[in-house]
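This note is addressed to a colleague who has not met this structure before. Please read the points below with the sequence and the model in view.

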Amino acid sequence: QVQLVESGGGLVQPGGSLRLSCAASGRISGIYVSAGWYRQAPGKQRDLVAAIRSGGVTNYADSVKGRFTISRDNAKNTVYLQMNSLKPEDTAVYYCNVQTYYRSSYSDYWGQGTQVTVSS
């Protein structure tokens, strides 16, 4: 079972930066497929922000391209989300996700979420 713990959220002014971290622990059954960050604003669905696949390929939501960067440190089992030029519309709870593949099925693991508030 995989446990994910996020950190790094908080209150920041528009134009500011934050770096989120997601530390993974526990045993993965099967193959690691991808790790990513999702966000959910009040009254809205949870949407993908950025993801990094096992081979290192990344993808981003159009709304964050050029401002956010996802990366990982395999030695530390940690995934990061560097967020620059933050806007009020980036305000949401950010969730870390890890997806694995085992015995012909995919499994998704989620962290508890970390609040990001962008406001002056």
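1. Three bridges join strand 2, residues 10-12, to strand 11, and these two strands run parallel. Within this pairing, Leu11 stands opposite Thr117 of strand 11. The reader should keep in mind that the model is predicted.

2. Strand 11 also pairs with strand 9, here in the antiparallel sense and over three bridges. In strand 9's pairing with strand 11, Val93 stands opposite Gln115.

3. The side chains of strand 11 deserve a separate look. In a regular strand, side chains alternate between the two faces of the sheet. Along strand 11, Thr114, Val116 and Val118 point to one face and are buried, whereas Gln115 and Thr117 point to the other face and are not buried.

4. The next point concerns the interior. In soluble globular proteins, nonpolar side chains tend to be buried together. The largest nonpolar core here has 26 residues, of which Trp37, Val49, Phe68, Leu81, Met83 and Tyr94 touch the most other members. Elements giving two or more residues to this core include strand 1 (2-7), strand 3 (18-26), strand 4 (31-40), strand 5 (47-53) and strand 11 (114-118). The largest share, four residues, comes from strand 9.

5. Which residues does Phe68 contact, leaving aside its neighbours within four places in sequence? They are Arg39, Val49, Tyr60, Leu81, Gln82, Met83, Asn84, Leu86, Asp90 and Tyr94. Two of these contacts, Arg39 and Asp90, return in the next point.

6. Side chains of opposite charge can pair when their charged atoms come close. The structure holds three salt bridges. In one of them, Arg39 is joined to Asp90, with the closest N and O atoms 2.9 Å apart. Arg39 lies in strand 4 and Asp90 in the loop between strand 8 and strand 9, so this pair ties together parts that are 51 residues apart in sequence. Arg39 is buried at 14% relative accessible area, and Asp90 is buried at 1%.

7. Asp90 also forms a salt bridge with Arg67, the closest N and O atoms being 2.8 Å apart. Because Arg67 lies in the loop between strand 6 (58-60) and strand 7, while Asp90 is in the loop between strand 8 and strand 9, this pair ties together parts 23 residues apart in sequence. Arg67 is buried, with a relative accessible area of 10%. Through shared partners, the salt bridges join Arg39, Arg67 and Asp90 into one network.

8. Asp62 forms a salt bridge with Lys65, with the closest N and O atoms 3.1 Å apart. Asp62 counts as exposed, at 65% relative accessibility.

9. Two residues call for a check of the backbone. Most residues other than glycine have a negative phi. Asn77, in the loop between strand 7 and strand 8, has a positive phi near 50° and is partly exposed at 48% relative accessible area. Ser85, in the loop between strand 8 and strand 9, has a positive phi of about 50° although it is not a glycine, and is partly exposed at 39%.

10. On the surface, Ile31, Tyr101 and Tyr106 make a nonpolar patch of about 330 Å². Ile31 belongs to strand 4 and counts as exposed at 53% relative accessibility. Thr100, in strand 9, is buried at 1% relative accessibility. Beyond its neighbours within four places in sequence, Thr100 is in contact with residues including Ile31 and Tyr106.

Methods. Residues are numbered from 1 along each chain as its sequence is written. This is a predicted model: local features need pLDDT of at least 70, side-chain atom pairs count only at pLDDT 80 or more; totals for chains, interfaces and linings use all residues. Side-chain values use heavy atoms; hydrogens and water are left out. A nonpolar core is a set of buried Ala, Val, Leu, Ile, Met, Phe, Trp, Tyr and Cys residues joined through side-chain atoms within 4.5 Å. Buried means under 20% relative accessible area, exposed over 50%, partly exposed in between (1.4 Å probe, protein chains only). Contact means heavy atoms within 4.5 Å. Two strands pair if DSSP finds at least two bridges between them. Patches are made of residues with over 30% relative accessible area and no salt bridge: like charges are joined within 9 Å, nonpolar side chains (Val, Leu, Ile, Met, Phe, Trp, Tyr) within 5 Å. Accessible areas come from the Shrake-Rupley method with a 1.4 Å probe; for residues, only the protein chains shown count as cover. A salt bridge is a side-chain nitrogen of Lys or Arg within 4 Å of a carboxyl oxygen of Asp or Glu.
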